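Visitor: Could you show me this protein and tell me how its labels are earned?

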Amino acid sequence: MSDLVLLTGVSGFIAKHVALELLGAGYRVRGTVRSAAKVGVVRKTLENAGADVDELEFAETDLTHDDGWDAAVAGCRFVVHTASPFPARQSKDKYALVPIARGGTLRIVEAAAKAGVERIVLTSSVAAIHYGHGAMRGPRYSESDWSNVQGSDISDYAVSKTEAELAAWKSVEAGGPELVAVNPALVLGPLLDRNMGTSAELIRTMMRGWLPVVPDISFGIVDVRDVARAHLQAMTVPGAAGRRFILCGGSLSMMEIGQAIALADPSAGNRMPKFVLPDFFVRMAAIAVAQARAAVPELGRRKILVTDTAEQTLGIDFRPPGKAVSAMVQSLKQLGLAP
């Protein structure tokens, strides 16, 4: 019988692609959902994508509760923990998401240790690597860098991802399962169903023409298919244990994302952003608008994310960011989610 993998948050954008990768590689997958109502949708989505859903089962659990995690992890050789809160809007309290993100991660690590799990792959983020350092910090970041949660310019999401990953590493210091962290940049690429996440909402907003002007900010971007492949490799490659891996295919500015959308869908070209807002206007807007406030620390900063470790150890040949944008555009149109 093939090995069983617990995949938390299986209904999420990244997790569904990870499930496809795991099932395609011959693993049995037990996906966690907060509500049994999601089971049928996830099963159908993966079946439509070509997965062998006979090897897929589900466990109803919640990151905020202890109940159910021991049963969910029972019999599993590996755990892949993707579930984490990702808000559409920034909270005024930068620690607001920490209890769920850190508490949920510790519940899973502790349950995995009790069950004798061999390795945990934690879906962290570059948000745990390159935020909160101020404008004087250089642009180059590697796996040895950590976000500064004490910084005045760090978001609630970045704080939660940093605190959750740090807690996971501390939890396994004295022994237990091997731990690997994967730290993707902004994840784009094809949607498998109509359940959109925050990243897809950004692309759809631009396709609808709702962003005629954009701030001078850039994002590291990685294709979700490369992220899924990296999770499988992180789970199985012997040399991955105890390491972090940045996942990124390159960076694009907001204007460049618009250009990539227009290239993928020429009919959307006249709806793409026309101008870059001067930094002064963004800083003025930040006084009253939370979204603008979150953009201020990133104005004019194009970060360099070092991916050598992921390329060499995990064997990932990252797709360029334009391909990830194009794939998301096409899937949004095919699913009737964008004009």
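Guide: Start with the largest cavity, which holds about 60 Å³ of space. This is a predicted model, where local features need pLDDT of at least 70, side-chain atom pairs count only at pLDDT 80 or more, and totals for chains, interfaces and linings use all residues. Residues are numbered from 1 along each chain as its sequence is written, and side-chain values use heavy atoms, with hydrogens and water left out.

Visitor: What makes a space a cavity?

Guide: On a 1 Å grid over the protein atoms alone, a cavity is a set of points where a 1.4 Å probe fits but cannot get out. Grid points are joined across faces, edges and corners, and the volume is the space filled by probe spheres set on the points. Searching the whole structure with a threshold of 30 Å³ or more gives one cavity.

Visitor: Which elements give two or more residues to the lining of the largest cavity?

Guide: They are α4 (98–115), β5 (119–123) and α5 (156–171). A lining residue has an atom within 4 Å of a point, and among those lining the largest cavity are His81, Thr105, Leu122 and Lys161. Helices (H or I, at least four residues) and strands (E, at least two) are DSSP runs, numbered from the N terminus. The largest share of this lining, three residues, comes from α5.

Visitor: Why is Ser160 called buried?

Guide: Buried means under 20% relative accessible area, with exposed over 50% and partly exposed in between (1.4 Å probe, protein chains only). Ser160 has a relative accessible area of 0%, so the word buried fits. Ser160 sits in helix α5. Apart from neighbours within four places in sequence, Ser160 has Leu97, Val98 and Ala101 in contact, meaning heavy atoms within 4.5 Å.

Visitor: How do you know how many disulfides there are?

Guide: A disulfide is a pair of cysteine sulfur atoms within 2.5 Å. That rule gives a count of zero disulfides. As for the cysteines themselves, Cys76 has a relative accessible area of 5%, so Cys76 is buried. Cys248, at 8%, is buried too.

Visitor: What makes a nonpolar core?

Guide: It is a set of buried Ala, Val, Leu, Ile, Met, Phe, Trp, Tyr and Cys residues joined through side-chain atoms within 4.5 Å. The largest one has 72 residues, and Met235 is one of those with the most contacts inside it. Not counting residues up to four places away in sequence, Met235 touches residues including Val5, Leu22 and Phe78. A second, separate core has 22 residues, Val79 and Trp169 among them.

Definitions and conventions: 1 Å grid on protein atoms, 1.4 Å probe; cavity = no way out; pocket = protein on both sides within 12 Å on 5 of 7 lines; lining within 4 Å.
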